[in-house]
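Let's take a friendly walk through the strands of one protein chain. Have a look at the sequence and the structure first, and then we will go through the pairings together.

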Amino acid sequence: MKNFFGVIMMFIKNVEKPITIALLEALIYRLKQPPPRLEAMLKGLNQGFRAERELLYYLERARVFKEDVFLLHDLRLPANGSTFFQIDFLLLTPLCAFILEVKSQPHYFIFNPAANQFRLENNAGNLVSGNDPIAQVEEQVDQLRWWIAEYGINHYPIYGIAALANPRSTVIAKSNPEQIHQKIMHFPYLKKRMKIIQTEDPKSKVSIPHLKRLAHALANAHCPPRYNWCEYFEVNTKDIQPGVICPNCFRIGMQRKRYSWYCNSCHHISKNAHHDAFRDFFSFFKPSITNKEARWWLQLDNRFTTHAILKNMNLESSGETRGRVYYPNLQTRR
Ligand SMILES: [Zn+2]
């Protein structure tokens, strides 16, 4: 909880490094020769994440909100059937909700709603692949409306805005400019737009306890992506090197010394560097591990040390002694 200028900004789902970035970083450290496309992908994802954190600092500084606000970052909710929709920022205030979709590319966003057209161009005027951010955020508004109605909140306005992080990005509206510029803007213009919305005559006001329950219900409904990560990143499991990654210098191959891990390269000592290693195994290989597999993966030669580590991880398990299989728990099941 954060108190600033008399308004409470409550983080229901905090700004954390997305799992896709954490796994991609680990994968790059684990590949002998990471392909440049993965490095480029990581650069793009990090740029997006940096922009999201910048937006948060902006919202905190800018005194955008008149009333208490509940904030959820990187929310992924089931849509109809087997699909999901993802929201960068959801801000719930007693008067209305804001969905902010952050865009960090330095591109030209060219809209022509009269002709149902959208183009994304780079500086050289070449077409770049990318979705229409306004259509994207409007779809999120539609999907979220259903969820909010489910929790018994009706007549609650939801506003979707695409927020541009990069000062070099440009919006061009070839038709309906007023409508376009209300839905996509650079960070410094968000405050004015959001303040205007908050001064509109509210049909009703949602009470803070009701809003808080909704915020928690949405956070609990969050479904982190569970892809087949090797397929997702297009890598072969046989290229992934086992070992514990040093959290300080990111070299692979920490050594077990009594109750901790030691890095030969930077002499860093870590008590729980193996936690991320288990996360990596469950993500890149399979959602279960045996003592033998864990020995290989952590590069240990002692089955009793491995057993002690597995036991301390509080993993789910089935079977007895040598046949025991361990499964991810809440910490490793991200
Ligand atoms: Zn190190």
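How many bridges join strand S5 to S8, and do they run parallel or antiparallel? Seven bridges join strand S5 (residues 97–103) to S8, and the two strands run parallel. Keep in mind as you read that this is a predicted model. As a reminder, strands of a sheet pair through backbone hydrogen bonds, either parallel or antiparallel.

**Strand S8 and its partners**

- To find the pairing of S5 and S8 in the viewer, look for Ile99, whose bridge partner in S8 is Gly160.
- S8 also pairs with strand S10 (residues 184–186), in the parallel sense and over three bridges.
- A good place to spot this second pairing is Ala163, which stands opposite Met185 in S10.
- Strand S8 covers residues 158–164, and five of its seven residues are buried, so the strand is largely enclosed by the rest of the structure. Here a residue counts as buried if 20 or more other C-beta atoms lie within 10 Å of its own.

**The sheet S7-S6-S9**

- Three strands make up this open sheet, in the order S7-S6-S9, and their pairing is mixed.
- Its edge strands are S7 (117–121) and S9 (170–173), each of which pairs on one side only.
- Neighbouring strands of this sheet are turned by 15° against each other on average, with direction ignored.
- Strand S6 (residues 108–112) pairs with S7 in the antiparallel sense, over five bridges.
- Within that pairing, Phe109 stands opposite Leu120 in S7.

**The sheet S11-S12-S13**

- Another open sheet has three strands in the order S11-S12-S13, and here the pairing is antiparallel.
- Strand S11 (255–257) and strand S13 (269–270) are the edge strands, so named in this sheet with each pairing on one side only.
- S11 and strand S12 (residues 260–262) are joined in the antiparallel sense over three bridges.
- You can locate this pairing at Lys257, which stands opposite Ser260 in S12.

**What the record adds**

- An unreviewed UniProt entry places the feature "domain: NERD" at residues 47–167.
- In the model, the end C-alpha atoms of residues 47–167 lie 14 Å apart.
- That span is 27% helix and 36% strand.

Methods:
Residues are numbered from 1 along each chain as its sequence is written. This is a predicted model: local features need pLDDT of at least 70, side-chain atom pairs count only at pLDDT 80 or more; totals for chains, interfaces and linings use all residues. Two strands pair if DSSP finds at least two bridges between them. Helices (H or I, at least four residues) and strands (E, at least two) are DSSP runs, numbered from the N terminus. Axes are lines fitted to C-alpha atoms, for helices over the stretch in contact, and angles run from 0 to 180 degrees between N-to-C directions. A residue is buried if 20 or more other C-beta atoms lie within 10 Å of its own, exposed if 12 or fewer, and partly exposed in between; C-beta atoms are placed from the backbone. UniProt positions are given in the numbering used here, feature names are shortened, and annotations may be inferred rather than shown by experiment.
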